[in-house]
Amino acid sequence: MKRLLSVDDKEYYHLTRAFDEYKGSGISTVFVAFYLFLKYLDNPEDGIFKAVNMLGSDTDTIASFVGGLCGAYFGLSAINKDLISKLQDKDYILKIAEQLHDIITGRLLTNHIPIRDFNRKETLLKILAWEIGLHEMFWDALSEGDQIIHPALGRGKIIRKEIKKIQREGYVTKLIEVAFDCGQTCIFHSRVSSNGEVSESLSKDLAKNITI
């Protein structure tokens with residue numbers, strides 16, 4: 001183990017094929033995450049930063065793994081308080097983490113949690129319709145400060161609406177950022193050509209996977 005942990009970080013990434021076409025595979029990301037967690041056990045924040053900045057690999061997945069391992073082992077003390085304060089939806093994430101902990105420890109019994117019937121296709125269709133309406137039907141009518149209701153996330157308020165140029169010639173991206181009452185913040189986007197055609201959006205992705 002000591003010999004393995006003495007290997008250069010990039011060398012280990014190459015060894016586990018975390019830089020090639022397998023970089024998003026479960027085996028590769030798990031191996032690298034455990035490697036960084038164990039190697040930087042005395043300074044977990046460094047391990048997380050290494051994962052985030054190892055460009056060319058599946059940075060977000062590996063960093064999430066490393067952060068999760070550090071959190072499970074050390075608790076919140078593993079992370080600098082300044083970093084935690086800057087985390088998007090911090091209160092929402094902490095609330096969910098506490099609920100999961102309570103379920104695991106038996107303080108909150110799952111049979112006491114109301115469970116709604118869930119139909120995957122029906123839910124996806126509702127989200128599809130909502131996304132189409134957001135960008136393709138009601139864009140001009142929406143303004144910052146408006147209240148909207150998402151079919152899964154519930155009520156929220158638009159805190160940002162803008163059109164930004166992108167590198168692709170003849171296209172812009174439309175962005176709507178919504179702060180939901182549940183505590184989660186989301187940015188909904190679509191890529192739009194100069195003639196108004198939507199070429200990329202959540203609705204396009206959903207439509208590919210739904211047979212109506």
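How many residues lie between E3 and E4 in their hairpin? Keep that in mind as you open this predicted model; the tour will come back to it.

**The whole chain**

Start with a cartoon view of everything. The chain holds nine helices and five strands. Walking from the N terminus, you meet the elements in the order α-α-α-α-α-α-α-α-β-β-β-β-β-α. Now switch on the surface: its accessible area is about 14400 Å², and carbon and sulfur atoms account for 55% of that. Of the 212 residues in the chain, 29% are buried.

**The helical core**

Next, select Tyr13, Val32, Leu36, Ala51, Ile62 and Val66. These have the most contacts inside the largest nonpolar core, a group of 19 residues. Colour helices H2 (9-15), H3 (26-39), H4 (44-53) and H5 (59-74), since each of them supplies at least two residues of this core. H3 gives the most, with five residues. Nonpolar side chains tend to be buried together in soluble globular proteins.

Zoom in on Leu36 and show what surrounds it. Leaving aside residues up to four places away in sequence, Leu36 touches Asp9, Tyr13, Gly47, Lys50, Ala51, Ile62 and Val66. Apart from the core around Leu36 lies another core, of eleven residues; Leu134, Leu142, Ile176 and Phe188 are among them.

**A helix to check with the ruler**

Select H7, residues 90-105, and draw a distance between its end C-alpha atoms. They are 22 Å apart, which agrees with the 22 Å that 16 residues should span at 1.5 Å a residue. Just after H7, click on Gly106, where phi is positive at about 85 degrees.

**The hairpin**

Now for the opening question. Select strand E3 (residues 171-180) and strand E4 (residues 185-193): they run antiparallel and are joined by nine bridges. Four residues sit between E3 and E4 in this hairpin, and in the turn Gly183 has a positive phi of about 110 degrees. Look across the pair to find Ala179 opposite Thr185 in E4.

**The cysteines**

Stay here and show Cys186 as sticks. Why does Cys186 form no bond with Cys182? The sulfur of Cys182 is the closest cysteine sulfur to that of Cys186, but at 7.5 Å it is too far for a bond. Cys186 is buried, because its relative accessible area of 15% falls under 20%. For a last stop, select Cys70, which counts as buried at 1% relative accessibility. With a cut-off of 2.5 Å between cysteine sulfur atoms, the count of disulfides comes to zero.

Methods
Residues are numbered from 1 along each chain as its sequence is written. This is a predicted model: local features need pLDDT of at least 70, side-chain atom pairs count only at pLDDT 80 or more; totals for chains, interfaces and linings use all residues. Side-chain values use heavy atoms; hydrogens and water are left out. Two strands pair if DSSP finds at least two bridges between them. The expected span of a helix is 1.5 Å times one less than its number of residues. Buried means under 20% relative accessible area, exposed over 50%, partly exposed in between (1.4 Å probe, protein chains only). A nonpolar core is a set of buried Ala, Val, Leu, Ile, Met, Phe, Trp, Tyr and Cys residues joined through side-chain atoms within 4.5 Å. Contact means heavy atoms within 4.5 Å. Accessible areas come from the Shrake-Rupley method with a 1.4 Å probe; for residues, only the protein chains shown count as cover.
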